[in-house]
Amino acid sequence: MEDTEMNDPETCPTEKAGISFFERYLTVWVGLCIVAGIGLGKLAPGIAKSLDGMAIGVKGAPVISIPIAVCLFFMMYPIMVKIDFGEVVKAGKAIRPVGLTLFLNWAIKPFTMYAIASFFLGTLFLGFIGPDAVDYVKAPLGSDLEVGATYGAGEAVLVDGVTMLKVPLWRSYLAGCILLGIAPCTAMVLVWGFLAKGNDGHTLVMVAINSLTMLVLYGVLGGFLLGVGQLPVPWQALLLSIGVYVALPLAAGYLSRKWLIATRGEVWFRDKFLHFLTPITITALLATLVLLFSFKGETIVENPLTILWIAIPLTIQTLVIFALGYGISKAMGFTYESAAPTAMIGASNHFEVAIATATMLYGLSSGAALATVVGVLIEVPLMLGLVRFCVKTKGWFPAESASEGESCQPDLAGQGRSDEAS
């Protein structure tokens, strides 16, 4: 196993290794990117459109936006390089917490997200969104639709010479919510578990397992739920997005991790290299958000409550899944150190992949892409609130024994173990 020095006190992170400056104020940066994106769309609309035009096409249709693909690779790589596959193998020893996390993430969460988002967006808020409001999204990859043909709830139309699907706007928002609901556990959940003083090893293992599980289940569940919602089911693009945005950075992370530890040592890798990577994911995310909002600025300016209509079901979904995870963990007799990360892993979303997939499947200017961005906007303040709740209710659970908690885990926040490492 790679983490041979795990119990060496000289290599263990201290309490100073908490949330980074970028991560602590992520909501502020997101807000600034919204303003910058809207401003860009208003003042220089040609810039974002030119960048989006730099794309890899299939049969004349743009499929992969090169600037977005580059940004999203750098979102995902710092997450993947942290994965220790030796820890994934060891996770079998903690079968109950691992099993509950997988059950919540793949058997419960996607379906509660679909139900909650459908009710709020398709019924309760439909009058505010506009029952006749439409969105124009990419035609499914590989499809050869004639103008006027129907596909799910969409109708093929020509927009600037390109065949697009005209779909109800609320269904486009629903698509983004679905893509969030089937994307469990972001890199940020490593920080949430750390701040809640949970079992860091369990959190890291579940990040790894969820990343691997997504390779199989993300496309299957996404296609099924998008089809149930009468939305376009672009299977080829869905699978391609998993390959580009999950498999590629996962392979790059695994290979570079092995090489760097072999050549530079584990201490350098953890205290220097991961520290250097800390702001890269969020910086790449923010660059993507500027592009996204440069296209959606007009919609937001005309109807700023759009963000609210999407945020409400996403917030309710997060609280429901957290409550289920925390409550079931207590009923199953988990220690607090396992219960806290189990609940937060289920509640948190892998919004990097959701944004990537929505952009690839439906387009940078789609309502689906906007919905995934709202997921970023609410995630940080909501999860910080849940962290505080966990810490205050720690006494509800039995404590982890000294033998279970004596070994420290890798620096999950990507920070150095001391001020000197900074």
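In the predicted model, the hairpin formed by strands E5 and E6 has 2 residues between the strands, and Asp-160 in this hairpin takes a positive phi near 55°. Most residues other than glycine have a negative phi. The two strands of the hairpin, E5 (residues 154-159) and E6 (162-168), run antiparallel and are joined by 5 bridges. One of the pairings places Leu-158 opposite Thr-163 of E6, its bridge partner.

The hairpin belongs to an open sheet of 4 strands, in which the order is E3-E6-E5-E4 and the pairing is antiparallel. Strands E3 (134-138) and E4 (150-151) each have a single partner strand and stand at the edges, so one side of each is left without a neighbour in the sheet. On the sheet packs helix H8 (residues 169-181), which touches E3 and E6. The direction of H8 makes about 95° with that of E6. At the E4 edge, 2 bridges join E4 to E5, and these strands also run antiparallel. Tyr-151 has Gly-154 of E5 as its bridge partner. Strands of a sheet pair through backbone hydrogen bonds, either parallel or antiparallel.

A positive phi also occurs at Lys-197, where the value is about 60° although the residue is not a glycine. Lys-197 is placed in the loop between helix H9 (188-195) and helix H10 (200-228). Its relative accessibility is 45%, and Lys-197 therefore counts as partly exposed, the range for that class lying between 20% and 50%.

The loop between H9 and H10 was considered next to a second loop, the one between helix H13 (305-331) and helix H14 (336-347), which contains Thr-335. Thr-335 has a relative accessibility of 17% and so counts as buried, the cut-off being under 20%. The C-alpha atom of Thr-335 is separated by 9.4 Å from that of Asn-199, although the two residues are 136 apart along the chain.

Helix H14 also packs with helix H6 (residues 95-124), the axes of the two coming within 9 Å and crossing at roughly 20°. Because angles under 35 degrees count as roughly parallel, H6 and H14 are classed as roughly parallel to each other. Their crossing is right-handed. On the H6 side, the contact is made by Pro-97, Leu-100, Thr-101, Asn-105 and Lys-109, and on the H14 side by Ser-338, Thr-342, Ile-345, Gly-346 and Ala-347. By class, this contact of H6 with H14 comprises 4 nonpolar, 5 polar and 1 charged residues.

For the protein chain as a whole, the secondary structure comes to 17 helices and 6 strands. Of its 422 residues, 57% count as buried. Among contacts between residues at least 6 apart in sequence, 84% join residues at least 24 apart.

Technical notes
Residues numbered from 1 in each chain as written. Predicted model: local features only at pLDDT ≥ 70, side-chain atom pairs only at ≥ 80, totals over all residues. Heavy atoms only, no water. Pairing = 2+ DSSP bridges. Contact = heavy atoms within 4.5 Å. Axes fitted to C-alpha atoms, helices over the stretch in contact; angles between N-to-C directions. Buried < 20%, exposed > 50% of the residue type's maximum accessible area, 1.4 Å probe, protein only. Parallel < 35°, antiparallel > 145°, perpendicular 65-115°, else oblique. Left-handed = near helix turned anticlockwise from the far one by under 90°. Nonpolar A, V, L, I, M, F, W, Y, C, P; charged D, E, K, R; others polar.
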